[in-house]
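Reader: Hi! I have a model open and would love to talk it through with you. Could you start with what you mean by a polar contact?

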Amino acid sequence: MIPYLLCFILFLVGLYGVITRRNLVKIAISLSIMEFSIFLFFALIGFVEGGVAPIVDPADPVKTYVDPLPQAMVLTAIVIGLATTAMIMSVIIRIYRKYGTFDIREIKNLRG
Amino acid sequence: MKGMTLIVKKTTQLIAGLIFLYGIYVIIHGHLTPGGGFAGGVLIAGSFILLILANGSDFMKLTKEETGSTIYENLAILVAIFLAVSGMLFGAKIFFLNWLPKGTPGELVSAGMLPLYNIFIGIEVAASILSIFLALVIFKEEMSE
Amino acid sequence: MNPLLPLFVVIPLAGAFLIMILGSFIRHLNKYLASLVLLFLVTVSFYFLFTTGSKVSVYKVGGWEAVNNIPIGIYMVLDGFTVIVLCIINLIGFLSVFYSISYISRYTAENNFYSLFCLMIAGMNGVVLSGDMFNIFVFVEISAISSYALVAFGVEKNELEATFKYQVLGGLASFLILTGIAFLYWKAKTLNIADIRNVFSSGYDRKYYLLVQILLLSGFGLKAAIMPFHAWLPDAHSSAPSPISAMLSGVLIKAVGIYVIIRLFFNMFAISEGMAILITTLGTLSMVVGVFLAIGQWDIKRLLAYHSISQMGYVVLSVGIGMILISRGIRTEIAALAIAGGIFHLINHAAFKGLLFLNAGAIEYAIGTRNLQEMGGLSKSMPVTSATSFVASMSISGIPPFNGFFSKLIIIVAAILARFYLLALLAVIVSIITLASFMKFQRYAFFNKTDAGNKIKIREVPFPMLFSMIILSIVCLLLSILAFPGIRDIILSPATDILMDPSKYSSIITGM
């Protein structure tokens, strides 16, 4: 039960960062932390009691393996998270050039 | 940006080659040990980025590097798509089929098409992460002029 | 195992990367290659539209057959509902690419534009064709990341701020979707949509099921801009370049938002009455609040973006009425009518909202401003734009004989037959307010007398833009024939059949 609770606490930390921080870069990093918490949760789901890592050893074939499907899903999701973070970082750099500041309270050109 | 001190430059010249070799090892053994295309590609990109950071970006001519890495990225992914579609031309005519002979598990040359996919995805990931890094560095150069 | 199914994803993907390589060597190749790719996709999707009927095609990627009737591979599924959305995506995509041949020549880096556009089309095709949950997530992410880059294409202050807000909320939506998939996998131990239905049909924990439904509804509702989650839509859709606005508002919020909600809630989850009432309430809220927020807008594209929220509310409302009737188990022919009305309104909205955004882009191309108070009298100098904009405005307000009238009529009749009189009354009132809003648009943009026309010489826009607008207005007129019984049986009835029958989808797919 404790590992699942820790994943939830990590998600809350990320959510707190997205909502209350003023610096754009901190918002982007908090979004990234939120995504990492769900990767940990995925890896915890596939646990089987008494299982070993899902790599087939030709000398000792019959064993109980941990579920490998959530691990494959997490690999794909990590790459997607990397692409999202890279995209948002390049937008932040362009915003700094146009507006001159990283503070989100100054960036309110669009209203209504 | 300026380069770093002499100690850093000499150390990275020694280490960058080892990191590159380790990345190739992770890619090629993707069907035997954890890793595969993504992780190995990031390692290879890491070795290039280390060299650029240590030597400074005014020393290396970076815009030519960027066109080069973009072309490698697109070519690698086109070859990967062609490999996937080649399942529809040979074998049992299904998309993404593993139609090469599979060999014995545990050997380096086995598991059909998987090592080929790993190699080309590894090249693609390395080239694209290098392109991202170069785009940000070149933009910073233009911004501070 | 129709071999054309993977081509919907592979060909735009290969085209995108081919454009990046060849576009830097040969000069105008990128436009023609993108148009050619999309023209091929349009022909194949229309071929599927007329030959699919009621059969369900399944493509097992990699050749992994089912073991003991349990699917173990990745499935691509084409049925009656999928083929409708596929036609919408590819047709509006082709017309937007053709429009942008002359519109995007004002920006630099055209290679990147066409390449990202083809990637977005590949992602959306993948979403509607996939038969298991995680594939839906991956393709939603592909099309979403391409759309973040396309919204910020001309890097001005407004566009960058709009795309930052869009990205943070889109990232939150992806997180919620991934959490929903995690909880679903934990109990069901499988990812195939049909198989999840079979696993849950033998008994489930009610509170857990409700948690998964709320998570997936919130995640995909954020992508579809339903009412409490609509905050990113006006900024993103008004600051993007016009062909991208037409694609975002006309196709993206449908293919990755509303389509997935309809597919999951009808074919994967067993419908409970509480969720049905919740969905209907969200639809009504979007419909009403969207149109009231749109009244006071003077920027053309912001006005159109708020109306997008309102019209999507119509679709969700009618689908919700169908869900309520099915969950109570009574009067299923009215539920079929309501769902058919919702899907018909989805198709119509793609056509006329795409046309309206292309018109707004043409006005901006000719004059250079988007503020309604600074323009006027354009009907003399831009006759084709004025005529097509008149057709689109009459369609969205529900004036016969255009297509909006028939779909809104079916929705209101279904609401009255199911005895939801308040919802029918609200739908009629919102339609009247939409008419008022668009008459304001027409009057200020085209028919007012002005003195600003003397400063800049206003000419009609170039041929590719005219071609797309004329074709879309003809489509708007032709779509009204979908209401007639003969044609409705070919196109709309297979879609409602596959959605309404509780176990037909899952039994067909696990039986293959």
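Author: Happy to! A polar contact is a pair of N or O atoms within 3.5 Å. Within protein, one of the two must be able to donate a hydrogen and the other to accept it. One thing to keep in mind as we go: this is a predicted model.

Reader: Good to know. With that in hand, how many residue pairs are in polar contact between chain A and chain C?

Author: There are 3 such residue pairs between chain A and chain C, counting pairs with both residues at pLDDT 80 or more.

Reader: And how many salt bridges across the interface of chain A and chain C?

Author: The rule finds 0 salt bridges between chain A and chain C.

Reader: Which helices of chain A supply the side that touches chain C?

Author: Helix H1 (2-20), helix H2 (24-45) and helix H3 (69-99) of chain A each give at least two residues to that side. H3(A) has the largest share, with 16 residues.

Reader: What's the mix there by class, on the side of chain A that touches chain C?

Author: That side of chain A has 27 nonpolar residues, 5 polar and 6 charged.

Reader: How many residues are in contact between chain A and chain C, and what area is buried?

Author: In all, 38 residues of chain A are in contact with 34 residues of chain C. About 3,300 Å² is buried between chain A and chain C, and carbon and sulfur atoms give 76% of that.

Reader: Let's switch to the other interface. How many residues of chain C are in contact with chain B?

Author: For that pair, 16 residues of chain C are in contact with 14 residues of chain B. The buried area between chain C and chain B is about 1,200 Å², with 84% from carbon and sulfur atoms.

Reader: Which three residues supply 38% of the area that chain C buries against chain B?

Author: Those are Val10(C), Phe17(C) and Ile21(C), which supply more of that area than any other three residues.

Reader: What about salt bridges and polar contacts there, how many of each?

Author: Between chain C and chain B the rule finds 0 salt bridges. The count of residue pairs in polar contact is also 0, again with both at pLDDT 80 or more.

Reader: Which elements of chain C supply the side that touches chain B?

Author: Helix H1 (7-22) and strand E1 (57-61) of chain C each supply at least two residues of that side. H1(C) gives the largest share, 7 residues. By class, the side of chain C that touches chain B divides into 13 nonpolar, 2 polar and 1 charged.

Reader: Nice. Now the chains themselves. What is the secondary structure of chain A?

Author: Chain A has 3 helices and 0 strands, so the pattern along its sequence reads α-α-α.

Reader: Is chain A spread out or compact?

Author: Chain A is more spread out than a compact globule, because its radius of gyration is 20 Å, well over the 13 Å that the globule rule gives for 112 residues. Its C-alpha trace spans about 65 × 30 × 20 Å along the principal axes. Buried residues make up 36% of chain A.

Reader: And chain B, what does its secondary structure come to?

Author: Chain B comes to 4 helices and 0 strands, running α-α-α-α from the N terminus on. Its radius of gyration is 18 Å, where a compact globule of 145 residues would have one near 15 Å. In chain B, 39% of the residues count as buried.

Reader: That leaves chain C. How does its radius of gyration sit against a compact globule?

Author: Chain C has 22 Å, which agrees with the value near 24 Å for a compact globule of 512 residues. Its secondary structure comes to 20 helices and 2 strands, and 67% of its residues count as buried. Of the contacts in chain C with a separation of 6 or more, 82% are between residues 24 or more positions apart.

Reader: One last thing, I clicked on Ser386(C). Is that one buried or exposed?

Author: Ser386(C) is buried: its relative accessible area is 8%, and the cut-off for buried is under 20%. It lies in helix H15 (residues 383-397) of chain C.

Reader: Which residues does Ser386(C) touch?

Author: Leaving out residues up to four places away in sequence, Ser386(C) touches Ser379(C), Phe446(C) and Phe447(C).

Terms used
Residues numbered from 1 in each chain as written. Chains lettered and ligands numbered in written order. Predicted model: local features only at pLDDT ≥ 70, side-chain atom pairs only at ≥ 80, totals over all residues. Heavy atoms only, no water. Buried < 20%, exposed > 50% of the residue type's maximum accessible area, 1.4 Å probe, protein only. Contact = heavy atoms within 4.5 Å. Buried area = accessible area lost by both parts, 1.4 Å probe. Salt bridge = Lys/Arg side-chain N within 4 Å of Asp/Glu carboxyl O. Polar contact = N/O pair within 3.5 Å; in protein donor to acceptor, adjacent residues only side chain to side chain. Nonpolar A, V, L, I, M, F, W, Y, C, P; charged D, E, K, R; others polar. Rg over C-alpha atoms; globule rule 2.2 N^0.38 Å.
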